[in-house]
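Dear colleague,

I am handing over the structure below, and after it I set out what was found at a few places. Please keep it open beside this message as you read.

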Amino acid sequence: LESATILLEQGSTQQALLSVEFSGETGHGLGPTREFYSLACQELQKAELGIWRHSTDDPLYILFPKYLKNDDKKKKLKYFRLMGRLIGKSFLDGRLLDLPFSVTLCKLLLDEPVNLDDVIHIDEVLGRSLVYLLQLCLKYESLCAQQNEGVVDVQDSLEEVSAEVSGMCLYFTVPGDADRKLIVDGENIQVTAERLREYLDLVAQKLLVDDVLSQVCEIKDGIDEIFHVSSLQVFSAVELQQMISLADSVKWDKETIENNVICKYGYEVSDEVIQNLLSVLASFDQEQRKNFLLFITGTPRLPVGGWENLSPKLTIVKKSCDNEIIDKVLPTCSTCQVYLKLPQYSSKEILKEKLVYAITNGQNYFALD
């Protein structure tokens, strides 16, 4: 991250394409540059940075800033400025990122309004609890309106809702952090049904706006160093999220892949080894897909639009080797050209074994082959 910070600080005022080479490696060009963006994204997601609400162990892991305490806030805000520069430069140069931003964070970057419904996108458990409280609030408000209109048999229902809210022992503090008050002396003021709407509005404002305002501003300022951040407002929050995040909905079936690969120098798409390869690729789980794309392109995701928009197209060529050792040789790649150099393995099982080994263990190094 230190190298990325220096590199993007120097390059933020330049319109030239960013090209990266790694010290001690002979590889150069598009592959290492893509890998630079991928590695920077991986580092910025790490839980030990202490800047995200969730641990990376969370199966629903998405990126949304956490509240930063004043003692280390200045240091951690630098990561968000770097993030903004990374996003800006990647958009300008046409590079892919894998930053799984919450759609709520994307809304804030686009100056779109957020509300209580957005909490579920940053914390599912808390979001569901707040939605339930909102339902109680709406029920109470409806009962109050009926009572004001002269309906006489709602008093028992009003008392039931009031008792349920009181029984939750909620106070005007941030959920999960009783030391942070939503109002003056909030730790001593219990939430009642009458003030439930006020409490929910304060929680949404605190979690979605006040706690993350500085972080969002740093991301926007970092983007603004590369191009006007207001330019992003042509996109919706969902579109922006898709542009910077790995899309789970990309078509990844054998037919789609077959229609978007090129076979050269000894192979045709009808060859048995190519059909075996396509079947193996189609069977990959999400993690294997990411590893394959990182191995072959330098980035763990396909562009928006999927295989159809991958440029250059995946090209598969025959890797020449003696027949007696062919099943012992690993496939290699040329990341800059998106070339897969594939031996003519004797079976699909051996092909899968060697390919999975290569994409799992052949990361983070660039040579001339």
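Gly186 has a relative accessible area of 0% and is therefore buried, since a residue counts as buried when that value is under 20%. Please bear in mind throughout that this is a predicted model.

As for where Gly186 sits, it belongs to the loop that runs between strand β2 (177–181) and helix α7 (196–208). Once its neighbours within four places in sequence are left aside, Gly186 is in contact with Tyr171, Phe172, Thr173 and Lys181. For one of these, Phe172, there is also a backbone value: its C-alpha atom and that of Gly186 are separated by 4.4 Å, although the two residues are 14 residues apart along the chain.

A second buried residue is Thr33, which has a relative accessible area of 1% and is found in helix α2, made up of residues 30–44. If residues up to four places away in sequence are not counted, Thr33 touches Leu18, Ser19, Val20 and Arg95.

The surface offers something else to look at, namely a negative patch that is formed by Asp153, Asp156, Glu159 and Glu160. Of its members, Asp156 has its place in helix α6, which covers residues 155–167. Is Asp156 buried or exposed? With a relative accessibility of 56%, Asp156 counts as exposed, because the cut-off for that word is over 50%.

With kind regards

How values were computed: Residues are numbered from 1 along each chain as its sequence is written. This is a predicted model: local features need pLDDT of at least 70, side-chain atom pairs count only at pLDDT 80 or more; totals for chains, interfaces and linings use all residues. Side-chain values use heavy atoms; hydrogens and water are left out. Patches are made of residues with over 30% relative accessible area and no salt bridge: like charges are joined within 9 Å, nonpolar side chains (Val, Leu, Ile, Met, Phe, Trp, Tyr) within 5 Å. Accessible areas come from the Shrake-Rupley method with a 1.4 Å probe; for residues, only the protein chains shown count as cover. A salt bridge is a side-chain nitrogen of Lys or Arg within 4 Å of a carboxyl oxygen of Asp or Glu. Lys and Arg count as positive and Asp and Glu as negative; His and the chain ends are not counted. The place of a charge is taken as NZ of Lys, CZ of Arg, CG of Asp or CD of Glu. Helices (H or I, at least four residues) and strands (E, at least two) are DSSP runs, numbered from the N terminus. Buried means under 20% relative accessible area, exposed over 50%, partly exposed in between (1.4 Å probe, protein chains only). Contact means heavy atoms within 4.5 Å.
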